[in-house]
Amino acid sequence: MINQSILLKLQPKLELLNSKQRMIATDIITSNRYTLIDHFGEVCIETEAGELFKFVDFVRSICKCS
């Protein structure tokens, strides 16, 4: 279960994404492969390998649509 405060921080970030990016973001949020964390006030994704990425940057890198 995702922390409610992280979901609240994600809401304005989701509004910055296009429809394809939002679909990717939703898949990430609901996936068990990633952990969403608050890293010094920034919502980040921790991968299974322990890598840390900013949420929006990670979504856009998967989308490759800017």
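Select helix 2, residues 19–30, in this predicted model. Its 12 residues span 17 Å from the first C-alpha to the last, close to the 16 Å expected at 1.5 Å a residue. Now show the side chains of Gln-21, Ile-24, Ala-25, Ile-28 and Ile-29, which are buried in helix 2. Turn the view until you look down the axis of helix 2: the buried residues fall within an arc of 140°, so they line one face of the helix. Then colour Ser-19, Met-23, Asp-27 and Thr-30, exposed residues on the other side of helix 2.

What covers the buried residues of helix 2? The cover includes helix 1, strand 1, strand 2 and helix 3. Before leaving, pick Asn-18, which caps the N-terminal end of helix 2. A side-chain oxygen of Asn-18 lies 3.1 Å from the backbone nitrogen of Lys-20.

**Helix 1**

Select residues 4–14 next, which form helix 1. Within helix 1, Ile-6, Leu-10 and Leu-14 are buried. Viewed down the helix 1 axis, these buried residues fall within an arc of 75°, so they line one face of the helix. Gln-4 and Leu-8 are exposed on the other side of helix 1. The elements covering the buried residues of helix 1 include helix 2, strand 1, strand 2 and helix 3.

At the start of helix 1, display Asn-3 and Ser-5. A side-chain oxygen of Asn-3 reaches to within 2.8 Å of the backbone nitrogen of Ser-5. To see how helix 1 is placed against the strands, add strand 1 and strand 2: helix 1 lies across both, running at about 90° to strand 1.

**The sheet**

Hide the helices and show the strands. They form an open sheet of 3 strands in the order 1-2-3, with antiparallel pairing. The edge strands are strand 1 and strand 3, each of which pairs on one side only. From one strand to the next, the twist averages 40°.

Bring back helix 3, residues 55–63, which packs on the sheet and touches strand 1, strand 2 and strand 3. The direction of helix 3 makes about 90° with that of strand 3.

Now go through the pairs. Strand 1, residues 35–39, pairs with strand 2 in the antiparallel sense over 5 bridges. To follow the register, select Thr-35, whose bridge partner in strand 2 is Glu-46. Leu-36 has Ile-45 as its bridge partner in strand 2, and Ile-37 has Cys-44. At the turn of this hairpin, 2 residues stand between strand 1 and strand 2. Phe-40 takes a positive phi near 55° in that hairpin.

Strand 2 also pairs with strand 3 in the antiparallel sense, over 3 bridges. Which residue of strand 3 is the bridge partner of Ile-45? Select Phe-53 to find that partner. Ile-45 therefore deserves a label of its own in the viewer: its partners are Leu-36 in the pairing of strand 1 with strand 2 and Phe-53 in strand 3. Strand 2 and strand 3 form a hairpin with 5 residues between them. Gly-50, in the turn, has a positive phi of about 90°.

**Two single residues**

Stay at that hairpin and pick Thr-47, in the loop between strand 2 (42–46) and strand 3 (52–54). Is Thr-47 buried or exposed? Thr-47 has a relative accessible area of 14%, and it counts as buried because that value is under 20%. Leaving out residues up to four places away in sequence, Thr-47 touches Arg-33, Tyr-34 and Phe-53.

The last stop is Asp-57, in helix 3. Its relative accessibility is 46%, so Asp-57 counts as partly exposed, a class that lies between the 20% limit for buried and the 50% limit for exposed. Draw a distance from the C-alpha of Asp-57 to the C-alpha of Ile-45: the two are 9.8 Å apart in space and 12 residues apart in sequence.

Methods
Residues numbered from 1 in each chain as written. Predicted model: local features only at pLDDT ≥ 70, side-chain atom pairs only at ≥ 80, totals over all residues. Heavy atoms only, no water. Helix = DSSP H or I, 4+ residues; strand = E, 2+ residues; numbered from the N terminus. Buried < 20%, exposed > 50% of the residue type's maximum accessible area, 1.4 Å probe, protein only. Contact = heavy atoms within 4.5 Å. Pairing = 2+ DSSP bridges. Axes fitted to C-alpha atoms, helices over the stretch in contact; angles between N-to-C directions. Expected span 1.5 Å × (residues − 1). Arc of directions from axis to C-beta. Polar contact = N/O pair within 3.5 Å; in protein donor to acceptor, adjacent residues only side chain to side chain.
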